[in-house]
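I set out to look up a few local features in this structure and to note each one as I went. The entries keep to what could be read from the model.

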Amino acid sequence: MLNISVFGMGYVGVVCSACLAKKGHQMIGVDLNHTKISMINDGMSPIVEPELEEYLSSAVKSGRLYATDNTRHAIMNSDASLICVGTPSMKNGDLDLSYIRQVSENIGQVLAEKEDKHVVIIRSTVLPGTTRNVVVPIIEHASGKKAGVDFYVAMNPEFLREGTAIKDFFEPPMTVIGQMHAEAGDFLAKMYDGLPGGFYRNDLEVAEMAKYIANTWHAVKVCFGNEVGVLAKNLGVDGRDVMELVCNDTKLNISSAYLRPGFAFGGSCLPKDVKALTYRARSKDVSLPLLSSIMPSNNRHVQHGMELITKQKANRIGMLGLSFKADTDDLRESPLLELVERLMGKGYELKIYDENVSVAKEKGASKEYFENEISHISNLLNNDLREVVDQSDVLVVGNSSSHFKNMLNELAPSKKVIDFAGISKQLSNEQYEGVCW
Ligand SMILES: NC(=O)c1ccc[n+]([C@@H]2O[C@H](COP(=O)([O-])OP(=O)(O)OC[C@H]3O[C@@H](n4cnc5c(N)ncnc54)[C@H](O)[C@@H]3O)[C@@H](O)[C@H]2O)c1
């Protein structure tokens, strides 16, 4: 049994408090709103949420939960505090952190007089860096104490959905623990002990951002499904049937495939099919803002890669990989080919190593494509990987061919690597830059 105080008895705080009490912990809820405090102490739910009132009333009856407006009492009688106050939008869309700042100040003032080490856990949704750069300095300043020495900090985003909050609490898809200090992470692991779904410990900022990305991803999925529906209806197809079918594929469609940060997509299918579909929508006057933004987003990413290379201020560029992914010679719509052409246009000295493309140039089905469409690239291809590396100042790793890994491990310190494929983690920060990591 753990002693826990919860700051903010809103949707998140009240559900957490009732469910953690059910798990056997001793809970103290803190809020400024006296109506909420008295409702909770009477065993009544201040919000509409299935099953919540039963959980609350049994927690209050058994003495495992009560609410107060007394921050000092709550901190002094608990080992950890969960911060669940609101983080609403401001007019310009930015996050309003005034409740977070206020509650951090309140907690800090009491920690000044508390001898035992306390754990502070942020459950509110906050942008990356907020816990470390806003919450911790306020608590340190107000308490005169040091994070990691006198109190421990973690960030534990909440993923529950209103309407199914109790079920979501006991059956989470995962539990995310962003820990500034292992002691705070250990506290959370003990607090949630027994819940299914797996516990994932990370840095504070990864946990903070994961919450935003999960919600943004859900928003993208809703808009994607809706745009498919609108287009399908205009084409005389039932979009619900289409998505039912598409969702059956859990290998590529409903899976983690294609969701890792990396370089732009290319190849003979994705660009062609996205363009054809959005063109058909345009020709029918169907507006699809999300689907229409895919090609511009992809092109912007190629430009981003270009900017990364040009900012190195080096003239000799070695491209390791030219086709859009390893183990293929297909150069159609390769974003790397696009990049090479832009670099050529700017007068860079280029060397390209791609074993599959080199073979195709000599004898494959792409021979004709080489001769007719991209003859200007042919003489940049070099079959000797070592020579390409030796004669370049900046190496751009375009795909994850296994040949490149060993070569990069023995690299001269003067050479810089721009990694588009996520293959090299061994090099120092001075020598290495990922395309978007
Ligand atoms: N509502 C959801 O479904 C949900 C789900 C996941 C995450 N979140 C996030 O959780 C956070 C809380 O959301 P919510 O919907 O529960 O908010 P809410 O507005 O319902 O509740 C916040 C509570 O905090 C109280 N409060 C404000 N300042 C306080 C202080 N100094 N001391 C004590 N109490 C104080 C308010 O009186 C209010 O009761 C937000 O960051 C939100 O984005 C919400």
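The entries below run from the overall fold to the ligand, the aromatic pairs and some single residues.

**Entry 1. Overall fold**

I recorded at the outset that this is a predicted model. I looked up the secondary structure of the protein and found 19 helices and 13 strands. I then took the extent of the C-alpha trace, which spans about 80 × 60 × 40 Å along its principal axes. For burial, I noted that the protein has 437 residues and that 46% of them count as buried.

**Entry 2. Ligand site**

I turned to the ligand and asked which residues come nearest to it. There are 22 residues around the ligand, and Val 12, Asp 31, Lys 36, Thr 87 and Glu 162 are the nearest of them.

I checked three of these for polar atoms facing the ligand. For Val 12, a polar backbone atom is 2.8 Å from an oxygen atom of the ligand. For Asp 31, an N or O atom of the side chain is 2.6 Å from a ligand oxygen. For Lys 36, a polar side-chain atom lies 2.6 Å from an oxygen atom of the ligand.

I next looked up how much of the ligand is covered. Taken alone, the ligand exposes 830 Å², and the protein buries 81% of that area. The elements that contribute two or more residues to the shell are helix H1 (11-22) and helix H5 (98-111). Helix H5 gives the most, with three residues. By residue type, I recorded the shell around the ligand as ten nonpolar, seven polar and five charged residues.

**Entry 3. Aromatic pairs**

I searched for paired rings and obtained a count of five aromatic pairs. I examined Tyr 55 and Phe 170, whose ring centres are 6.0 Å apart with the planes at 35°, so I entered the pair as tilted. Tyr 55 belongs to helix H3 (residues 52-61) and Phe 170 to helix H7 (residues 165-170), so this pair ties together parts that are 115 residues apart in sequence. On accessibility, Tyr 55 is buried at 17% relative accessible area, whereas Phe 170, at 23%, is partly exposed. The cut-off explains the two labels: a residue is called buried because its relative accessible area is under 20%.

I then looked at Phe 169 and Tyr 192, which form a tilted aromatic pair with 6.1 Å centre to centre and 55° between the planes. This pair also links distant parts of the chain. Phe 169 is in helix H7, while Tyr 192 is in the loop between helix H8 (182-191) and strand E8 (199-202), 23 residues apart. Both Phe 169 and Tyr 192 are buried.

I noted that ring pairs join Tyr 55, Phe 169, Phe 170 and Tyr 192 into a cluster. I also asked where the charged end of Lys 22 sits. It sits over the ring of Tyr 55, 5.2 Å from the ring centre.

**Entry 4. Positive phi**

I looked up two residues with positive phi. Lys 313 has a phi of about 55° although it is not a glycine. I placed Lys 313 in the loop between helix H13 (294-310) and strand E9 (316-320). Its relative accessibility of 74% counts as exposed.

Glu 333 likewise is not a glycine and has a positive phi of about 55°. I located Glu 333 in the loop between strand E9 and helix H14 (335-345). With a relative accessible area of 40%, Glu 333 is partly exposed.

**Entry 5. Asn 156 and Phe 404**

Is Asn 156 buried or exposed? I found it buried, with a relative accessible area of 1%. Asn 156 is in the loop between strand E6 (151-155) and helix H7. Its side chain makes a polar contact of 2.8 Å with the side chain of Arg 123.

I placed Phe 404 in helix H19 (residues 402-409). At 2% relative accessibility, Phe 404 counts as buried. I also took its separation from Glu 338: the two are 66 residues apart in sequence and 21 Å apart in space, C-alpha to C-alpha.

Note on methods:
Residues numbered from 1 in each chain as written. Predicted model: local features only at pLDDT ≥ 70, side-chain atom pairs only at ≥ 80, totals over all residues. Heavy atoms only, no water. Phe/Tyr/Trp six-rings, centres within 6.5 Å; stacked < 30°, edge-to-face > 60°. Helix = DSSP H or I, 4+ residues; strand = E, 2+ residues; numbered from the N terminus. Buried < 20%, exposed > 50% of the residue type's maximum accessible area, 1.4 Å probe, protein only. Lys NZ or Arg CZ within 6 Å of the ring centre and 35° of its normal. Near = heavy atom within 4 Å. Polar contact = N/O pair within 3.5 Å; in protein donor to acceptor, adjacent residues only side chain to side chain. Areas by Shrake-Rupley, 256 points an atom, 1.4 Å probe, with all protein chains shown as cover. Nonpolar A, V, L, I, M, F, W, Y, C, P; charged D, E, K, R; others polar.
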